[in-house]
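Okay, thanks for squeezing me in. I'll put the model up and then walk through the parts I'd like you to look at.

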Amino acid sequence: MTRVGKDFYMRDSLTVARELPGKILVRASSEGICSGRIVETEAYMGFKDKAAHSCRGKTPRTEVLFKAGGLAYVYLIYGMYFCLNFSTNSPDKPECVLIRALEPLEGMELMKKRRGTDIVENLCSGPGKLCGALGIGRECNGEDLCGERLFLLDDGFVPDIAASRRVNVDYAGDAAEYEWRFYVRANRFVSCRNIK
DNA sequence: GCCGGGATCGTCT
DNA sequence: GACGATCCCGGCA
């Protein structure tokens, strides 16, 4: 079991998104420790990707993406839910990877309490859900992914990974067709299991 | 089990 | 002023 270091994030988001499934995300807060194995990701490739927040340049919201990779990019969606992304690559390439689903491991009781359900499949099977389960909000934006509150472990497990179109980016023209979503095949903790 | 609609507000135009 | 990188609930089967 090793900690994932900064170098891992200093590559393009497609490469990172493909290698993330199987890694273990650990979240430590005042309420306790939670962890889960990443089972679903999406790559957002910066300027060359019309679905990416950063494709039209730097704004107050996307500022974190214009720094070296290895930071959390957290934003509010639909006015009610948060999404967790890992920034990747160099400051001139504002790319990131959306974390879409986890297979819950540690801290099951705390995650159930935060989510208000005992159904394990519903704890982290979606971007908004996993932020709820892990207690991730706007205060995590810019958080170092190699710190003590949020980090990644590698236990050597390599799952069987499939690719598909990304979820809910129909507005993005050609970019909507790119198969930049990566998920663990036949895993019951993946969101949108009808999309192949 | 599947489907449709509503919630809710920060962000950018 | 419009619109989401979503989720939940209710209705119907």
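Let's start with DNA strand C, and keep in mind that this is a predicted model. There are 21 residues surrounding DNA strand C. The closest ones are Tyr 75, Asn 85, Gly 128, Asn 168 and Tyr 171. If you sort that surface by class, you get 12 nonpolar, six polar and three charged residues.

Where in the fold does this surface come from? Four elements each supply at least two residues: β4, which is 72-77, β5 at 81-88, β6 at 95-104, and the helix α3 at 127-134.

Now, which part of the strand is the protein seeing? Of the DNA strand C atoms within 4 Å of the protein, 56% are sugar or phosphate, and the rest belong to bases. For specific contacts, here are three. Tyr 171 has a polar side-chain atom 2.7 Å from a phosphate oxygen of DNA strand C. Arg 100 also puts a polar side-chain atom by a phosphate oxygen of that strand, at 3.1 Å. And with Tyr 81, a polar side-chain atom sits 3.4 Å from a sugar or linking oxygen of DNA strand C.

Okay, DNA strand B. Around DNA strand B you'll find Arg 56, Thr 59, Pro 60, Arg 61, Leu 76, Tyr 78, Gly 79 and Met 80. Of the DNA strand B atoms that come within 4 Å of the protein, sugar and phosphate make up 75%. By class, the surface here is four nonpolar, two polar and two charged residues.

Two contacts to click on here. For Arg 61, a side-chain N or O atom is 3.4 Å from a sugar or linking oxygen of DNA strand B. Tyr 78 does something with its backbone: a backbone N or O atom of Tyr 78 is 2.6 Å from a base oxygen of DNA strand B.

Next up, the pocket. The largest pocket has a volume of about 650 Å³. It has 36 lining residues, and the ones nearest the centre are Tyr 75, Ile 77, Tyr 78, Cys 83 and Pro 127. Elements giving two or more residues to that lining are β3, at 32-44, plus β4, β5, β6 and α3. Which of them gives the most? That would be α3, with five residues. The lining splits into 21 nonpolar, nine polar and six charged residues.

You'll have heard a couple of names come back. Tyr 75 is among the closest residues to DNA strand C, and Tyr 75 is also listed among those nearest the pocket centre. Tyr 78 is part of the surroundings of DNA strand B, and Tyr 78 is on that pocket-centre list as well.

Now a few single residues, starting with Glu 40. Glu 40 is in strand β3. Is Glu 40 buried or exposed? Its relative accessibility is 0%, so Glu 40 counts as buried. What does that charged side chain have for company? There's a 2.8 Å polar contact between the side chains of Glu 40 and Arg 181. A polar atom of the Glu 40 side chain is also 2.7 Å from the backbone nitrogen of Ser 191. Leaving out residues up to four places away in sequence, Glu 40 touches a whole list, including Leu 98, Ala 101, Phe 182, Tyr 183 and Val 190. Ile 99 is one of those touched too. Glu 40 and Ile 99 are 59 residues apart in sequence, yet their C-alphas are 6.5 Å apart.

Thr 88 is in strand β5. Thr 88 counts as buried because its relative accessibility is 0%. Beyond its neighbours within four places in sequence, Thr 88 is in contact with residues including Tyr 9, Arg 11, Asp 12, Val 16, Gly 69 and Val 97.

Last thing, backbone angles. Most residues other than glycine have a negative phi. Asn 168, though not a glycine, has a positive phi of about 55°. Asn 168 is in the loop between β8 and β9, and its relative accessibility of 58% is why Asn 168 counts as exposed. Remember, Asn 168 is also among the closest residues to DNA strand C.

Then there's Ala 186, another non-glycine with a positive phi, about 60°. Ala 186 lies in the segment after β9. With a relative accessible area of 72%, Ala 186 is exposed.

That's my tour. Happy to take questions.

Notes. Residues numbered from 1 in each chain as written. Chains lettered and ligands numbered in written order. Predicted model: local features only at pLDDT ≥ 70, side-chain atom pairs only at ≥ 80, totals over all residues. Heavy atoms only, no water. Near = heavy atom within 4 Å. Polar contact = N/O pair within 3.5 Å; in protein donor to acceptor, adjacent residues only side chain to side chain. Nonpolar A, V, L, I, M, F, W, Y, C, P; charged D, E, K, R; others polar. 1 Å grid on protein atoms, 1.4 Å probe; cavity = no way out; pocket = protein on both sides within 12 Å on 5 of 7 lines; lining within 4 Å. Points joined across faces, edges and corners; volume = space filled by probe spheres on them. Buried < 20%, exposed > 50% of the residue type's maximum accessible area, 1.4 Å probe, protein only. Contact = heavy atoms within 4.5 Å.
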